[in-house]
Amino acid sequence: ANYSISFHLRGVKILIEEIAPRVFRLAGDKIKFHICGAKLPKYLVDKCTENLIYEGYVPDVDSFLEEMDAGVFPVMTGKTMKGKVFDSLARSFPIVISKNCLGGYRLVDGEGVFIADSVDEFVNKILLLLDPEVRKKLAWGARNFSLNNFSEEKILSVMDEVLSIKD
């Protein structure tokens, strides 16, 4: 993410100022948030703590994500699937996202992702991620969704369909 982009900034601001403090009050130090991306404004960096960590730009995302348990993307505007959501699904990574990040795909809340559209919903769904079985279920759902929608076979099929010219 680049926080000079307005919808990224709005999402991270909600995470830092509203979601994370409530999660910490309810779960203590059982959860850590890692915020990745360039150009986070200083006033938000200053609000980060030992459990709310600003990583800045992460050049090796693959290695970084290997150490994570789940992703949280409180992006409340836009109508497309963000790259970070697509990438997380393709990696079978359990995530919490808002409906507008679905990009028209038919993801089901609690199967391949958790869907949240308010601060309360984000907090509640994040707390559910404390359960390893919940994370495993979401990961398998994300894997199956990705295989059905983003596999090489599926992409080639869609391309064949789009490139076929019918008179």
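Biologist: Which residues are linked with K13 in a network of salt bridges?

Modeller: In this predicted model, K13 forms a salt bridge with E17, the closest N and O atoms being 3.4 Å apart. The side chain of E17 also meets that of K47 in a salt bridge, at 2.6 Å from N to O. The residues linked with K13 in the network are therefore E17 and K47.

Biologist: How many residues apart in sequence are the parts that the pair of K47 and E17 ties together?

Modeller: K47 lies in the loop between α2 (42-45) and β2, whereas E17 belongs to helix α1, so the salt bridge joins a loop to a helix. K47 is partly exposed, with a relative accessible area of 39%, and E17 is partly exposed as well, with a value of 28%. The parts tied together by this pair are separated in sequence by 30 residues.

Biologist: Where do K13 and E17 both lie, and how many residues apart are they?

Modeller: An α-helix has 3.6 residues a turn, so residues three or four places apart point the same way. K13 is partly exposed, with a relative accessible area of 33%. K13 and E17 are about one turn of the helix from each other, both lying in helix α1 and spaced by 4 residues.

Biologist: Is K99 buried or exposed?

Modeller: The side chain of K99 meets that of D117 in a salt bridge, with 3.8 Å from N to O. This pair links distant parts of the chain, 18 residues apart, with D117 in the loop between β5 and α5 and K99 in the loop between β4 and β5. D117 counts as partly exposed at 34% relative accessibility. For K99 the relative accessible area is 55%, and because the cut-off for that class is over 50%, K99 is exposed.

Biologist: What is the geometry of the pair made by the rings of Y105 and F145?

Modeller: A search of the whole structure finds 5 aromatic pairs. In the pair of Y105 and F145, the ring centres are 5.8 Å apart and the planes stand at 85°. Since planes over 60 degrees apart fall in that class, the pair of Y105 and F145 is edge-to-face.

Biologist: How many residues apart in sequence are the parts tied together by Y105 and F150?

Modeller: The rings of Y105 and F150 have their centres 5.3 Å apart and their planes at 80°, so this pair is edge-to-face. Y105 lies in the loop between β4 and β5, while F150 is in helix α6, so the pair ties a loop to a helix. The separation in sequence is 45 residues.

Biologist: Which residues form one aromatic cluster with Y105?

Modeller: Y105 counts as partly exposed at 33% relative accessibility, whereas F145 counts as buried at 12% and F150 counts as buried at 14%. The cluster also includes F86. The residues that form one aromatic cluster with Y105 are thus F86, F145 and F150, where the pairing of rings rests on centres within 6.5 Å.

Biologist: Which are the edge strands of the open sheet?

Modeller: The open sheet is formed by 3 strands with parallel pairing, in the order β3-β4-β5. Between β4 and β5, which run parallel, there are 2 bridges, and the bridge partner of V96 in β5 is F114. The strands that pair on one side only, and hence the edge strands by the definition of pairing, are β3 (71-73) and β5.

Biologist: What covers the buried residues of α5?

Modeller: In helix α5 (residues 119-128), the residues V119, F122, V123, K125 and I126 are buried, because buried means under 20% relative accessible area. The cover draws on both helix and strand elements, and it includes α1 (6-27), β1 (33-36), β3, β4 and β5.

Biologist: What separates the C-alpha atoms of Y57 and G37?

Modeller: Y57 lies in the loop between β2 (52-56) and α3 (61-66), and at 61% relative accessibility Y57 counts as exposed. Not counting residues up to four places away in sequence, Y57 touches G37 and A38. Y57 and G37 are 20 residues apart along the chain, and their C-alpha atoms are separated by 4.5 Å.

Key. Residues numbered from 1 in each chain as written. Predicted model: local features only at pLDDT ≥ 70, side-chain atom pairs only at ≥ 80, totals over all residues. Heavy atoms only, no water. Phe/Tyr/Trp six-rings, centres within 6.5 Å; stacked < 30°, edge-to-face > 60°. Buried < 20%, exposed > 50% of the residue type's maximum accessible area, 1.4 Å probe, protein only. Contact = heavy atoms within 4.5 Å. Salt bridge = Lys/Arg side-chain N within 4 Å of Asp/Glu carboxyl O.
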